[in-house]
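Subject: Structure handover and notes

Dear colleague,

I am passing the structure on to you with this email, and I would like you to keep it open while you read the notes.

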Amino acid sequence: MDYSQFGAMRPELILLGIFLIVFLFDTFAGEKARKATTPLTLVLFGLGTVAMWILPDSFEGSVFGGMYVSTHTCVWIKNILNVGAFIVLLQSVKWIESPDDIVRKGEFYELLLVTLFGMYLMISARHFLLFVIGLEAASLPLAALAAFSKKKYESHEAAIKYIMTAVFSSAILMMGLSFVYGLSGGSLYFNDIALALASSSMSGLLLCALAFVLAGLGFKLSLVPFHLWTADVYQGAPTAVTSYLSVVSKGAAAFAFFVIFTQCFGAVYADAWEWMLYAVIIATITVGNLFAMRQKNMKRFMAFSSVSQAGYIMLGVIAGNAIGMASMLFYIFVYVVSNLGAFAVISSIENETGKLSMDDYRGLHKSNPWLSFAMTLAMFSLAGIPPFAGFFSKILIFTAATSTGSMALYMLVLIALINTIISLYYYLLVVKAMWISPDEPVIPAYRSACTERVALWLCVAGIVFFGLVSPIYQGIFNASVSDALAFFGMIH
Amino acid sequence: MGVTLPILILALPITMFLVLGLGGVKMPRKMAGVLGILGMGTTAVISYWVAFTYFFSGEAAYIVDGVRQQVQMFDVTWLAFTQSLVVKIGFLLDPISAMMLVVITTISFMVHLYSWGYMEHEPGFQRYYAFLSLFSFSMLGLVVATNIFQMYIFWELVGVSSYLLIGFFYKLPSAVSASKKAFIVTRFADLGFLIGILILSFYTDTFNFIDMTNNPQGVLASTGGATFMGASVLTWAMVLIFTGGMGKSAMMPLHIWLPDAMEGPTPVSALIHAATMVVAGVYLVARMFPVYLVVETSLVFVSVIGAITAFYAAVVACTQIDIKRVLAFSTISQIAFMMTSLGVAWPELHDGLGYMASMFHLFTHAMFKALLFLGAGALIHAVHSNNYTAMGGLRKYMPITHWTFLIGCLAIAGIWPFSGFFSKDEMLAAMFAQHWFWGAWMTMVAGLTAFYMFRLYYLIFWWEENPHYKEHKPHDAPWQMSVPLIFLAAVSCVAGFIPFGEFVTWNRAPYHIHIELPVAATSLTVAVLAIVLATVMYAKKNPIPTRLKDMMPGLWMAAHRRFYWDEIYMFVTHKIIFNGICRGIAWFDRHVIDATMDGFAKVAQKTSYAIRGLQSGNIQLYVLWYFAGAVLLAAITWICLL
Amino acid sequence: MDLSILWYLVPAALMFACGVYGFITRKNLIAILISLELMLNAADLNFVVFNRYLFPGQMEGMVFTLFAIAIAAAETALAIAIIINIYRAMGNIDIREITKMKF
Amino acid sequence: MFCNILIWFVIIPIVMMAGLGLCRGKSIGAIRAVMVVGSTALLGLAIWLCCEFLRLRGAGDASEMLFTGSWMWYAPFNIHLAVGVDGISVLMLLLSAVIVFAGTFASWKINPLPKNFFLWFCLLSTGVFGFFISIDIFTMFMFYEVALIPMYLLIGVWGTGRKEYSAMKLTLMLMGGSAFLMLGLLGIYWHSAPEGMPLTWNILEISHNSAIDPSWQNLLFCLTFVGFGVLGAMFPFHTWSPDGHACAPTAVSMLHAGVLMKLGGYGCFRIAIYLLPQAANELAWIFIILTGISIVYGAFSACVQTDLKYINAYSSVSHCGMVLFAILMLNTTAMTGAILQMLSHGLMTALFFALIGMIYGRTHTRDIRQMGGLMKIMPYLGVCYMIAGFASLGLPGLSGFVAEMTIFFGSFEDADLFHRCFVIAATCSIVITAVYILRVVGKLLLGPVQDDHHLALTDASWFERLSTVTLIVCIAGIGCFPNWINETIQFSFHPIIKAIEAAAL
């Protein structure tokens, strides 16, 4: 057997290495030494992230007989997820170090790394078996993470809601996959399925399969109407986990979604799932916004905002071409920094004061100008206000969605644009609470932990520069163009 | 003469305005007054010189075998709408503008001088002189305009300076509202003027007077026979332009602002609302006269409006108590005279006598009406009231004012040998030449004029002595005020003998005036009769007027209330436009349009509240939705596709 | 495809439906977990049947089923652990009580 | 890149923001110093640009855009940072610079948080300047939104009255407009070049390609025109304007009414009409109706308002309606008039709002029923207000007259009854304008003093005088010597008119 092929799995191997080191250290180190777990993890993971960025991604190739394939875009999305995960780790330190309600902080890191590993598999899988394994590896530990703060009841409720819905969704996904298998001509390789579908005719079974697979994946992306768990879980889970859920797992799922639907179901794009997705996107954006308008709890608020953001991400998928892929990746990247920026502020304030309500943010700028400044930037970026990155990611994803030139997609973009007004409204509500409300601040002035500040600075830098510095998008675009044939061969 | 003098004529007043307006607050009152008077005096001298050279130098530039030329001293581009349609600011010298230069600068100078005495104790003395200079500048610019757009520009400027001067006592609400009324009414008229210019310039593609007046047939041809609602567009244009004139010259039904304008200082009334600005309308028609000639309908319109207004104003004037209002209405009536006589000045009959006559009357009227107003000012200055009820028997207290005022009255009544006689006689002659009806009608108006003027005269200077004189004794005004009175009185005596026809005629060719005995005799008789009647009724205190009044109270009241024009206007503007339309629209804006915009937000809020049950918190319902969603997705796609 | 495959597919579909029904109606979390198992097994059954009837030559369906069973076991384990937590926290495991966070 | 003069219009505000960032929030002196230096620099730059531009034109450079520069930004979509100016943009830049300058002094004593105020103020001006210099739709749109969003905080934090409501309403409505706009721009981009040629965002290239087929043009025209029309306060999308202006702080009202609303008009013909001439010919009538309505409508509603700022907001609706109206007449004269009207309205509304701010700062009321006879108490402000009023009711010698006349004479060139009727309706607005202006002047400045507390009030201070004098000088300058503006923009309309005529055939 040729082991050189495993070079293509470089990211997974690095991650696995980090995981093992952390695990062994956490298991065998003594009480004293175990204090070093956090810095160790941070350093290792940081190094790993940087390494994956700077090492040339020349290891194109497939492993396990094509079950695992690594391409430029896969490397990009993995790097993006790394950055996200790293920022999450940074901002979780204060919480994890706080003595109460933490049993073994090592587990937090381990579980988190495992889920990340699972996401890698999801991303690179070109065979449904590997994909399902990755998916479950990515979603099951999250239930444990959601239940992490044992003393909080909400945490358990969040966990049970998450796990139940997750299992249900995986059941539906499997059902759908079984139908797919039935139609596939005996293979679960994406390419084989694509070929089989291209030759087969449209049937109810196929539609059922598509709908079920869409639902199964829609769970992780929290697309409407598969999103109902989101708000409760985001609210109940520890903030670090929530932010992780909202950006990293969502990003991975989005990419996997894209790969499966373009590469494997590409043949039935125009006459089947384009319209399913069309409906789902409209529902997602609108419902997410409508719910977000009324939220007072910041985490719940962010949950619904992330629901509607998922709808925008899907605009890249429905475009179904290289531009769509590039814009979606860029959107995810920007979304990661913007959302994590918001969460960094939220978690910092929660860790300091335990306050989570939007009303507690009133007059924040008087006591903590920098936090409110960062929050404002994050909100503007999420709302898509120039010159912040969010504006560029939004306009680029709209450009992608209109690139096919079909009037239907213009209509979709128009609906999305009108929804941005609603979203602007509730993002401005936060800004209003912080800057405009005349009340005296509830939250006292304090200095947030250095890790939190590093995380915040990273996010702010991203928010400010990602849009203005075009090479980032350029790189993503080139990557997706080079992968275009593999992905979109069946569509156009 | 080069362009320096003409430029100076415009430059001096505006400079005075800027100097007094910007630096006025800093400088002492005397200095401001002296500056103003000197500035105006210089301007007057220059204008006299310009007019003199124009009329008498006999240079080839100004007169070619008897026909006086129209000379553009200068004409600089100000704003280019298109390549051909260019607004220029220039100086057009021709008989009427030269004549107007003389009139304006003379009266203005007199008023400047007079005001020094009259306004001495008023606050804002400097501001007053600044505004006077501004007005003089605008009025001069108006009369020397080389093109209709320049005329419009200065037309607006005289409007605003009149606004500023009427509202000079800006702490009095009455003055403020009067100024506002004056501006808005004239502005409304100017709207017609503007639209007229729009139409005219659209077809002729020029603003220039000379181009239009030298070739009126060409103007008519350029419209290509286009018509609108039955009338040719040129008729529309000329009528609309005349509307502007109606506004400024207070023709019915746009006359309502002039009586109120008497709220301003009396010298201002003399300058603006008797002598100069209010004749701008006449001047405008005279300026465009050849074009009016080719569309007779508009000319008839002019004369009809004139005739009606003349009579109306004369009747109203008979019943006013405020002496300035009497004078105001007599002004309206006299200007209407000029309008009518312009309207009947068709060359084919009596070769356009009416034109000359109306210009002549414009000249003489300016003089004696200014005289009358300044006299009224002196009276008011003496008794501190505008009403003749506070006067009576003043002749022995204020001899100068009395004699000058009498001269004014005789002049306006048209008694030989005072100036009014000659001009009015020519006008009547022209009207009789047009149709006996015009002549008869206007003769009657002339009679009324004589009557109400002498009614006024007697009620002020005879009737009976007012008891108040005991505690403070009225006396003649200081020299700054008397000098103008005397000067103008002198002019009013002799101006009639000017051979006006030599200077101003419709075709600028000389015309030899000759008194038409029958007409002259008629008008003179009527005037004398009217004066006799007035003497009988008002010479000394007697019950006849009251008895007459009680005989026909309704008529008297109607006339006294100016036939309720103001009430009608109040109703239309306040009740209908302001309360109806404006409030309606404002309400609509807030409660319909704005409400719709807020409505979107409300709908979104309500929806989000309505669907919150989706997040029931119960996993089972979540899952139900989940499953239903998946199945529905499949089903709907199925239905749509297969 | 020949009819006899339906003898297996229809029951599988029914199992799945029962699972969904059970999830939505039962109160006890354990019962719900069981109905989830039903759903998963229905999917597995489909895989096996398709493999056996349509593509007799290969094993992918079977292999997938094996993996799926393993995953299902893991899921169940995790779910039960969390249910125990819930039980500790609130003394019962009635799913309709777990609605503190809503709207 | 930095040798292109236009870029500095964006760089200077950014540098100002950086400078403000370094200032301590308390040290008001330093903040003012930064602002004064910066805004003066901008003004100087604008004036110099104007002279340079005129010199080049004089030298016979008749090319459409001068000082052009283009730097690739997002290569995949061929997005450039492309700059260039023609006469119109030059004038707009000049206007913006003047108003930023005046606004700085008008907000001399702003509090609380002067630092943040000026930060957002500079961000706003960055957007405005960037919008006017860029000839690439993408960057244009970006700067457009950059200019919009600071309004929210500026009104929300430093405003008065129902500021939160108004700020939110204004922001959402304007963003709603820009949503339609964005879709329109995307549509334009995807049809910007014929088959086989690279797509482009560059205005000049798009109009040169003229590849957008009619069926799309009509849709895109409606989208873009409405999008910009919202900012141009076009009926019925104008309702943000009264509330927004009423609650905004002085300098913000100045900048918003003075410059920001001009973005609408500018965009309307630079993008909607220039790039979609065919649709412009076909659909102009719809918007002529709407704008014609807003001219009269705004004037009428202004007549009954009692809040000074509401009066001016509605008169802005009327005047800006005039701008769009003139643009839609699609001929050179009318468009020239539109530009003049933009300048004139910008200056005089800025003056109005500055004065209202100053009066409000003294009397603490904007209700004209509670004021009166202020002319006696604060003659300087009174006179300035009268001048602004006369400018707005179109007194010759002030800018308003020139603009309106040019518009009327230009609009009258369209010789069909439909246009004629609307032009006549538009001309009627000059009377209504006179009515409400004189009403305000009469109630506010003249007559007896209403409130004896006002007797103690002081007249303008030096910085207030400075900011008002700047504006008045410009107003009178344009009013007395209008022709140089025509000369500045004479070439600018040729390509637009040519495109329209070509499309009409």
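The notes below go through what was found, beginning with one chain and ending with some details of the backbone.

Please keep in mind throughout that this is a predicted model.

**Chain B as a whole**

Chain B contains 25 helices and 6 strands, and its C-alpha atoms fill a box of roughly 115 × 65 × 55 Å when the box is taken along the principal axes. Of the 642 residues in chain B, 56% count as buried. If you look at the contacts in chain B with a separation of 6 or more, you will find that 79% of them are between residues 24 or more positions apart.

**Where the chains meet**

How many residues of chain B are in contact with chain A? There are 24 of them, and they meet 28 residues of chain A. Two elements of chain B, α24 (565-610) and α25 (619-641), give two or more residues each to this side, and α25(B) gives the most, with 13 residues. Sorted by type, the residues on this side of chain B are 16 nonpolar, 7 polar and 1 charged.

Chain A also meets chain C, where 33 residues of chain C are in contact with 30 residues of chain A. On the chain C side, at least two residues come from each of α1 (6-25), α2 (29-53) and α3 (60-90), with α3(C) giving the most, 16 residues. This side of chain C divides into 26 nonpolar, 4 polar and 3 charged residues.

**The largest nonpolar core**

As background, nonpolar side chains tend to be buried together in soluble globular proteins. In this model the largest nonpolar core has 715 residues, and the members that touch the most others are A146(A) and A370(B). Helix α16 (residues 353-383) of chain B provides the largest share of this core, 22 residues. Once its neighbours within four places in sequence are left aside, A146(A) is in contact with several residues of chain A, among them S155(A), A158(A), Y162(A) and V233(A).

**Three helices**

Helix α11 (residues 250-275) of chain D has 26 residues, which at 1.5 Å a residue should span 38 Å, and this agrees with the 36 Å between its end C-alpha atoms. The same helix, α11(D), bends by about 35° at H256(D), and 26 of its 26 residues are buried.

Helix α18 (residues 419-434) of chain B reaches 24 Å from its first C-alpha to its last, close to the 22 Å expected for its 16 residues. Because 16 of the 16 residues of α18(B) are buried, this helix is largely enclosed by the rest of the structure. In chain A, helix α18 (residues 407-436) has 30 residues that should span 44 Å at 1.5 Å a residue, and its end C-alpha atoms, 41 Å apart, agree with that. Of the 30 residues of α18(A), 24 are buried, and the helix is mostly covered.

**Two hairpins**

In chain D, strand β1 (residues 66-74) pairs with β2(D) in the antiparallel sense over 6 bridges, and Y74(D) has I79(D) as its bridge partner in β2(D). The hairpin of these strands has 4 residues between them, and N78(D) takes a positive phi near 60° there. Is strand β2 (residues 79-85) of chain D enclosed or exposed? It is largely enclosed by the rest of the structure, because 7 of its 7 residues are buried. Both faces of β2(D) are covered, with residues including I79(D) and L81(D) buried on one side and residues including H80(D) and A82(D) buried on the other.

In chain B, strand β3 (residues 71-80) is joined to β4(B) by 8 bridges, and the two run antiparallel. T77(B) stands opposite K88(B) in β4(B), and the hairpin from β3(B) to β4(B) passes through 5 residues. Since 6 of the 8 residues of strand β4 (residues 86-93) of chain B are buried, that strand is largely enclosed by the rest of the structure.

**Details of the backbone**

Most residues other than glycine have a negative phi, and most peptide bonds are trans. A cis peptide bond nevertheless joins M252(B) and P253(B), with omega about 0°, and P253(B) lies in the loop between α9 (233-248) and α10 (257-260) of chain B. Another cis peptide bond joins F235(D) and P236(D).

Y564(B), although not a glycine, has a positive phi of about 60°; Y564(B) lies in the loop between α23 (553-560) and α24 of chain B. Y564(B) is exposed, because 12 other C-beta atoms lie within 10 Å and a residue counts as exposed at 12 or fewer.

With best wishes

Note on methods. Residues are numbered from 1 along each chain as its sequence is written. Chains are lettered from A and ligands numbered from 1 in the order in which they are written. This is a predicted model: local features need pLDDT of at least 70, side-chain atom pairs count only at pLDDT 80 or more; totals for chains, interfaces and linings use all residues. Two residues are in contact if their C-beta atoms, placed from the backbone, lie within 7 Å. Ala, Val, Leu, Ile, Met, Phe, Trp, Tyr, Cys and Pro count as nonpolar, Asp, Glu, Lys and Arg as charged, and the others, Gly among them, as polar. A nonpolar core is a set of buried Ala, Val, Leu, Ile, Met, Phe, Trp, Tyr and Cys residues joined through C-beta atoms within 7 Å. A residue is buried if 20 or more other C-beta atoms lie within 10 Å of its own, exposed if 12 or fewer, and partly exposed in between; C-beta atoms are placed from the backbone. The expected span of a helix is 1.5 Å times one less than its number of residues. The bend at a residue is the angle between axes fitted to the seven residues ending there and the seven starting there. Two strands pair if DSSP finds at least two bridges between them.
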